[in-house]
Amino acid sequence: MNRDPEPQAAAGTREPLAADSPHPRPVHSDLDPAGPFRSSRRRLLGGAAGSLLLAGIAEKLARGGTAVREDPGRPRSVILLWLEGGNSQLETFDPHPGTKIGGEVKGIATSVGGVEFSDTLPQAAEQLHRATLVRSMIGDEGDHERAVYQIKSGFRPAPALVHPSIGAVLCHADPEVSDLPRHISIVPGGHPARGGYLGQTFDAFKVGDPASPVPDVKSRVDDERYRRRVGDLLRVVEPGFARGRIADLERTRTLHATATKAAMRLMSSEQLAAFHVADEPRAEREAFGDTAFGRGCLAAARLVEAGVRCVEVTLGGWDSHVSNHSLQSAACEPLDPALASLLRRLADRDLLDTTLVVCGGEFGRTPRINVAEGRDHWPHGFSTLLAGGPFRRGHVHGATASEVVPGDDPSRGVSEPVTVADLHATILAGFGIDPSHEIETPIGRPMKRSEGNVIRSLLRT
Amino acid sequence: MSPPRDASGLTKTLRWAWFIALIAAAFAYLTAGLSPLGETFSLHPFAAVEADATAVKGDDTDQFEGGDAEREDRRLLGSSGAPLPAGKNRVPAENDTGWSEWGDAGLAEAIATVDQAWADDLAERGLRPAERADWLQVCRRLSLALVGSGMSLEEIRELEALPEADRERRHLENLLRDPRFHDYWAERWTRRMVGADEGPFLVYRQRRFRVWLRERFAENERYDRIVRRLINAKGLWTDRPEVNFWTVTFDSGDGQPDPERLAARSARVFLGLRIDCLQCHDDFLGNVSLGSVDDPRPGLQSDFHQFAAFFSAARFDGLQGIRGRDVDYKTQYLGSDEEVSVEAAVPYQPELLPDRGSPRAKLARWMTHPENRQAARAAVSQIAALMFGRPIGHGVDDLPLGMPGPVLLDRLADRLIEDGYDLRQLIRTIAGSAPFRVSSVAEFPIDGKHEAAFAVFPLSRLRPEQVAGCIVQASRVKRLDHDSAFILQLQKLGATGDFVRRFGDLGEDEYVTDGVTVSQRLVMLNGTLIDESTEWNPILNASSHLAMFARDDAHAVELAYLSVLNRYPTERERTHFTSRLSEAERRNEALEDLFWVLMNSSEFAWNH
């Protein structure tokens with residue numbers, strides 16, 4: 001076990017706190033408030049950016065061997081296509097047509113011989129040769145909120161601690177400095193990814209439908225007024241507050257000027273164009289689909305191309321307690337072209353080896369169809385698709401039974417089960433990150449990144 | 001024929017009159033509260049001072065023409081708001097809150113006891129305390145702690161009409177009776193007691209639980225009674241809202257209360273003990289001490305499950321809701337091959353457990369026994385954390401058994417027991433104590449040791465809800481409370497919700513020590529709430545009212561500082577921003593800029 005009670009700091013962030021040293025903070029940048037207010041805002045922001053970037057590089061150099069970015073072929077980004085509400089495995093990735101539990105679904109051949117998808121996903125079926133499909137996921141939670149927590153963080157909800165989502169863990173393990181946020185949630189649902197005990201710095205940056213402008217990155221007043229406002233803030237008001245208060249207030253406590261300058265750097269960053277899916281050719285936009293989810297997937301691809309570490313795109317509409325078949329079919333309509341186009345684009349641009357696309361929800365749906373023609377929550381054998389990155393290509397792991405198997409254990413009939421924790425450990429290991437590494441949490445309790453077992457057979461050798 | 005035409009005309013007239021009356025009634029309802037409330041002070045105690053204060057109001061009001069709302073704004077903006085002369089805000093060395101003069105010698109004695117313990121502790125640590133903060137600073141802390149926002153200009157003006165020595169106490173008493181306090185504390189305690197998640201469908205109603213808690217705070221119900229009602233709750237979650245404490249755990253089990261989750265949460269909230277790790281194994285890190293207060297030992301897995309066994313003595317029984325039953329609890333201990341039945345037992349001081357009664361009733365009695373000092377410490381820890389914006393000790397729910405201190409916590413726990421678990425009296429004791437009233441600024445270098453020992457008031461970041469509350473309140477001249485226009489309350493609710501979603505909800509994570517993030521700064525720099533709160537809006541926004549009614553530029557700057565930061569500007573600030581206003585082509589824009597700058601400051605976003 002590799003235990004590091006004092007993990008290094010990510011630039012622009014803070015580390016989990018040690019129990020008896022409540023406020024250690026990284027040094028971020030020079031905080032001379034009078035410096036850059038002579039020219040345009042862009043120039044002003046550039047100055048702030050430079051110092052922040054340098055601080056980040058210094059921080060990374062100081063971290064030594066933890067970072068894994070040196071090998072350009074190593075996986076570096078994750079896109080989570082989050083099917084909020086719980087997609088039915090039977091109507092998506094694990095159909096059992098013609099059986100009692102299969103419902104109205106029909107099977108469709110995939111690009112992997114002998115493997116079928118539901119006929120609701122014809123385009124995605126053509127991309128399975130780029131992915132590993134786990135059909136034997138086992139969760140512990142049957143309630144939406146708790147299951148989302150578990151599958152996003154790899155841990156069951158705990159009363160004293162909020163665990164970070166996997167995107168936050170990946171960003172924390174490999175700190176970089178960029179203009180863009182490194183952890184982004186597009187059209188976030190009810191439970192966007194969060195930093196948990198790693199701190200709010202690792203929360204996903206939330207944006208809506210890419211058809212709309214990115215929120216809060218455009219000043220509400222003209223440049224001249226904005227420059228005057230920020231100048232008054234950092235030169236007149238802030239120094240007054242620091243005077244006579246705890247030493248090194250900015251660095252050890254508020255990070256106010258640092259975060260303000262980084263925010264303004266983002267506001268003027270040319271990389272914001274990554275969100276502008278309207279810049280894409282019409283054919284490409286149509287391939288992803290004229291939906292918020294399709295545009296989100298296209299933006300996710302552009303963001304990964306710009307170097308973003310983790311992007312989450314949410315698609316709702318899966319909670320089909322009634323009229324399961326029609327609801328699942330309707331939800332698959334935006335999913336199918338977006339998923340297929342995303343994998344095709346990443347492959348075309350040689351980014352599939354460095355980018356993992358995960359597609360799934362918090363649980364599956366019951367094999368048994370209820371009286372309202374719906375399917376209820378089912379964490380005892382559902383599917384998650386893992387395309388690209390470190391995962392094998394054209395591989396199917398595990399299987400569910402094609403009938404309801406009698407017995408007390410609800411996951412009976414599931415072969416080669418994979419727990420949620422195992423899935424997290426395997427993803428982390430695939431990214432070269434030690435899942436058993438312990439992080440000192442703010443409550444003084446060391447926590448592993450994941451308590452699962454790495455399933456090597458899912459990974460490429 | 002004319003008679004029918006007359007009748008028709010009369011009907012039309014009546015219909016129109018009725019329609020207009022309805023419109024007028026709706027308008028009056030929506031705008032109720034925009035007018036000044038002459039009876040505001042009559043709700044409060046201390047009639048003699050009230051009379052003086054209302055007299056001041058009356059004197060000012062007579063000077064202005066125009067509508068009530070405008071007159072009220074003019075009064076507030078134009079009343080005797082001159083900066084206090086240098087030195088007037090300085091508080092004498094002795095803690096002269098004057099509690100005895102308000103007829104509460106017991107409280108004065110309690111505060112003196114706490115102050116002495118604090119002073120002795122500082123002396124022992126070799127730390128020098130900062131000077132006392134001025135009354136405005138202390139009153140801002142009180143508002144943040146009790147209603148979750150800063151003070152309104154209206155409140156400041158009312159307090160300035162009183163003798164300086166009475167202002168803090170008056171403000172505190174006003175707040176304790178303010179429905180905003182009951183609402184805000186109910187919200188915060190709800191998060192502690194049942195979490196911030198939506199919880200299980202149908203069988204859990206967080207809102208009902210919150211309303212129930214609000215009523216408890218409004219009635220100042222004894223703390224120990226509240227705890228007993230929760231632990232021993234019976235019935236339907238809709239009819240008996242305290243039952244939601246149990247039903248919130250239904251989602252992790254088979255539609256029944258989850259004894260393990262209930263035990264873990266109860267230990268943290270009501271005992272200040274984090275025993276969660278004992279659910280799976282004995283303590284091997286020295287983190288959990290149990291068994292005996294005087295001679296604690298490392299916690300055992302059996303401690304957790306014996307405690308959890310008490311919570312198995314409740315069962316959901318359909319339409320009858322939660323009902324009591326005998327303990328029925330099994331677990332499989334680490335290293336064991338089979339499940340065993342577990343008897344219920346408390347993790348320390350078993351001698352305080354009553355011999356008779358149902359399992360839950362016995363547990364409730366044990367948890368609130370006056371000699372269960374650990375439980376009183378836990379209560380104080382939660383309340384002090386709300387007051388100071390951070391825990392007194394290491395963590396709000398991490399008070400190692402048998403380990404004395406921090407000294408403030410111990411003294412306040414003694415007081416809580418002596419005062420019969422009176423929450424308001426505890427709040428008064430904290431609010432009047434020297435550590436609450438000490439400045440966060442000192443003439444000597446300050447480090448973490450000073451904050452940890454409360455030699456200075458510790459800096460703490462406001463929660464997202466508090467930041468939103470402060471923005472909304474700072475943009476209004478008058479206090480925004482239950483007497484405000486319905487439409488204003490609705491607007492506040494919507495704006496706060498949107499802001500918190502963008503800013504990031506902390507959920508149960510009450511006391512973060514993180515600095516501000518880039519995303520959060522973006523919300524403050526360019527977000528909707530600050531923009532709408534500072535833009536030109538002569539009906540609602542304080543920045544516009546200042547542009548219209550302030551005597552001159554210097555006065556406008558002063559009022560902006562009072563509205564947003566609840567303090568007077570320094571001479572440098574006054575000079576700088578007065579020049580900004582004087583030189584501006586559009587004065588109202590310069591005032592919007594000033595409000596934007598102040599709302600974007602770290603001073604605004606931190607308690608200090």
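Visitor: Leaving aside neighbours within four places in sequence, which residues is A:His163 in contact with?
Guide: Two residues are in contact if their C-beta atoms, placed from the backbone, lie within 7 Å. This is a predicted model, where local features need pLDDT (the predictor's confidence in each residue, from 0 to 100) of at least 70, side-chain atom pairs count only at pLDDT 80 or more, and totals for chains, interfaces and linings use all residues. Residues are numbered from 1 along each chain as its sequence is written, while chains are lettered from A and ligands numbered from 1 in the order in which they are written. Skip the neighbours within four places, and A:His163 is in contact with A:Ser153, A:Phe155, A:Gly196 and A:Tyr197.

Visitor: Is A:His163 buried or exposed?
Guide: A:His163 sits in the loop between helix H3 (144-153) and helix H4 (166-173) of chain A; helices (H or I, at least four residues) and strands (E, at least two) are DSSP runs, numbered from the N terminus. A residue is buried if 20 or more other C-beta atoms lie within 10 Å of its own, exposed if 12 or fewer, and partly exposed in between, with C-beta atoms placed from the backbone. Because A:His163 has 25 other C-beta atoms within 10 Å, it counts as buried.

Visitor: How many Å separate the C-alpha atoms of A:His163 and A:Gln150?
Guide: Along the chain, A:His163 and A:Gln150 are 13 residues apart. In space, their C-alpha atoms are separated by 9.0 Å.

Visitor: Which residues of strand S5 of chain A point the other way from A:His183 and A:Ser185?
Guide: In a regular strand the side chains alternate between the two faces of the sheet. S5(A) covers residues 183-186, and all are buried. A:His183 and A:Ser185 point one way, which leaves the other way to A:Ile184 and A:Ile186.

Visitor: Which residue in S7(A) stands opposite A:His183?
Guide: Two strands pair if DSSP finds at least two bridges between them. S5(A) pairs with strand S7 (residues 310-315) of chain A in the parallel sense over four bridges. Opposite A:His183 in S7(A) you'll find A:Cys310.

Visitor: And which residue in S6(A) stands opposite A:Ser185?
Guide: S5(A) also pairs with strand S6 (residues 205-207) of chain A, parallel again, over three bridges. In S6(A), the residue opposite A:Ser185 is A:Lys206.

Visitor: Why is strand S11 of chain A called largely enclosed, and what is the bridge partner of A:Val358 there?
Guide: S11(A), residues 380-388, is largely enclosed by the rest of the structure because nine of its nine residues are buried. Strand S4 (residues 131-138) of chain A pairs with S11(A) in the antiparallel sense over six bridges, with A:Met137 opposite A:Phe382. Strand S8 (residues 355-360) of chain A is antiparallel to S11(A) as well, over four bridges. In S11(A), the partner of A:Val358 is A:Leu386.

Visitor: Which helix gives the largest share of the largest nonpolar core?
Guide: A nonpolar core is a set of buried Ala, Val, Leu, Ile, Met, Phe, Trp, Tyr and Cys residues joined through C-beta atoms within 7 Å. The largest one has 180 residues, and B:Val380, B:Ala384 and B:Leu412 are among those that touch the most other members. Eleven of its residues, the largest share, come from residues 373-388 of chain B, helix H15.

Visitor: How many of the 13 residues of helix H25 of chain B are buried?
Guide: H25(B) covers residues 553-565, and its expected span is 1.5 Å times one less than its number of residues. That should give 18 Å, which agrees because the end C-alpha atoms are 18 Å apart. The helix is mostly covered, and its buried residues include B:Ala560 and B:Tyr561. The buried count is eleven.

Visitor: Which helix gives the most to the side of chain B that touches chain A?
Guide: The contact takes 54 residues from chain B and 49 residues from chain A. Among the elements giving two or more residues to chain B's side are helix H12 (259-271), helix H22 (518-526) and helix H26 (571-583) of chain B. With seven residues, the one that gives the most is H22(B).

Visitor: Over which residues of chain A does pLDDT stay under 50?
Guide: The mean pLDDT of chain A is 85, and 85% of its residues reach 70 or more. Where pLDDT is low, the predicted coordinates should not be read in detail. In chain A, pLDDT stays under 50 over residues 1-69.
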